[in-house]
Amino acid sequence: MALQFQCLQVFSPLSPVATARSPSSSRSPSLVIASSKSHTAPLLGRKLRAAVIGGGPAGSSAAEALAAGGVETYLFERSPSSAKPCGGALPLCMLSEFDIPAHLIDRHVTRMKIISPSNIAVDFGKTLKAHEFIPMLRREVLDSFLRARAQSIGANIIHGLVLNLEVPASSNAPYVVHYTTENSMRSLAVDVVIGADGANSRVAKSIDAGGYTCAIAFQERIKLPEEKMEYYENLAEMYVGNDVSPDFYAWVFPKCDHVAVGTGTVCSKQDIKQYQRGIRERAKSKISGGKVIKVEAHPIPEHPRARRVIGRVALVGDAAGYVTKCSGEGIYFAAKSGRMCGEAVVRASEGGERMIGERDLKREYLREWDAKYVGTFRFLDLLQRVFYGDNAGREALVEMCGNEYVQRMTFESYLYKKLAEGNRVEDAKLMWNTIGSLVKCGIVGRRESDSIAAFL
């Protein structure tokens with residue numbers, strides 16, 4: 001059916017529009033308005049209007065922060081019932097920081113195994129305290145909850161596919177979002193746009209944010225016989241080796257009534273199904289007899305984009321490239337970047353009362369994000385290059401993971417998203433033993449070992 005074009009409230013910057021609702025909620029992010037004065041003019045008779053493209057953790061968290069802070073907010077989501085392939089692991093701190101209710105959690109993982117190319121398995125979780133666990137959930141459940149919460153705060157949800165973003169010719173003209181919904185084409189004019197539309201972001205393309213390398217993640221959800229599902233009651237497995245991925249890891253993660261079995265790669269995307277067969281073969285004895293109930297594939301960004309703020313447009317989550325190397329973690333950083341960006345818009349606009357500009361977004365959002373997380377992303381990038389490059393490096397990684405000091409430092413940093421308090425003697429011993437072993441085996445050269453030492 002041919003699409004019929006309709007204009008939806010395309011407005012000039014001075015025309016009055018309805019303000020967003022902003023009911024109080026104990027679950028809304030705390031906002032500090034007007035941390036620094038804006039040099040832009042106040043808006044007369046209306047509130048700042050923002051479009052958030054993409055309804056995953058990044059977009060929903062941004063929309064919630066915007067709506068709670070008094071900005072008129074529109075959240076676009078094209079496929080409310082779907083979700084990208086994702087292991088579904090959250091850091092423990094995210095439950096309290098983002099008020100994730102307990103009933104959304106499928107599994108409390110307290111045991112983790114990492115399996116080397118030669119099938120040496122190391123129990124990676126011996127240092128977890130009695131109250132600590134890795135929450136496992138399904139992305140479609142989490143995403144739906146976060147969107148509904150943003151809507152309850154005052155965000156307007158639009159179920160539609162964004163086709164393109166029309167960038168204004170002048171600095172004070174509106175951006176126009178062109179989208180389709182219910183077999184018709186529509187448009188919405190806004191002051192600010194937050195792109196949270198994933199690795200293949202159309203928002204990023206519209207503002208010429210630059211390309212980046214993407215990996216591909218492939219995952220099968222497999223329903224196991226009851227007796228085999230019991231094995232994965234509170235256990236997650238990670239596999240490394242050339243047979244499952246040349247530059248990443250493969251996984252078997254438990255869900256509510258099934259397991260997610262998947263892998264990823266950036267350098268051999270055309271062979272992803274071969275690597276999926278590899279992980280199924282490695283885990284064969286534990287997943288045989290299972291029935292595949294869903295197959296998923298999705299691109300995953302390999303590094304942050306060079307340009308994440310242009311004009312009055314900001315990128316967050318996968319659209320910005322916020323997925324860590326080595327671990328492949330993205331959910332927390334997506335939600336965190338979305339919330340930080342939404343709060344930045346609220347601060348810069350003084351609660352939606354003033355227009356904002358590129359300098360405001362860079363100061364309030366980008367500078368804060370980079371100061372907090374850029375070191376983490378660079379360090380994990382280095383670790384991936386060192387340990388995931390060949391099977392010798394992967395064997396060294398698994399051996400190192402058997403060290404309880406390594407486990408304690410890793411889990412404290414991952415679960416609580418803050419630098420764990422270490423022991424200087426143990427740190428020095430671990431650093432030099434690791435570097436010496438890698439150099440001796442010819443896995444890294446002297447220049448790379450110096451880089452690792454500098455980071456550690």
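This passage describes the two open sheets of a predicted model and the ways in which some of their strands pair.

In general, the strands of a sheet pair through backbone hydrogen bonds, and the pairing may be either parallel or antiparallel. One open sheet of the model is formed by 6 strands, which follow the order 8-3-2-12-19-18 and whose pairing is mixed. At the edges of this sheet stand strand 8 (156–159) and strand 18 (309–310), and because each has a single partner strand, one side of each is left without a neighbour in the sheet. Away from these edges, strand 12, which covers residues 192–195, runs parallel to strand 19, which covers residues 313–315, and the two are joined by 3 bridges. Within this pair, G195 is found opposite L315 of strand 19. Helix 1, spanning residues 57–68, packs on the sheet, where the helix touches strand 2 (49–53), strand 3 (72–77) and strand 12, and the direction of helix 1 makes an angle of about 165° with that of strand 3.

Another open sheet is built from 7 strands in the order 6-5-14-15-16-13-17, and here too the pairing is mixed. Strand 6 (121–123) and strand 17 (291–301) are the edge strands of this sheet, each of them pairing on one side only. When direction is ignored, neighbouring strands of the sheet are turned against each other by 15° on average. Among the pairs in this arrangement is that of strand 5 (residues 111–115) with strand 14 (residues 235–241), which pair in the parallel sense over 5 bridges. In this pair, the residue of strand 14 that stands opposite I115 is Y239.

Conventions
Residues are numbered from 1 along each chain as its sequence is written. This is a predicted model: local features need pLDDT of at least 70, side-chain atom pairs count only at pLDDT 80 or more; totals for chains, interfaces and linings use all residues. Side-chain values use heavy atoms; hydrogens and water are left out. Two strands pair if DSSP finds at least two bridges between them. Helices (H or I, at least four residues) and strands (E, at least two) are DSSP runs, numbered from the N terminus. Contact means heavy atoms within 4.5 Å. Axes are lines fitted to C-alpha atoms, for helices over the stretch in contact, and angles run from 0 to 180 degrees between N-to-C directions.
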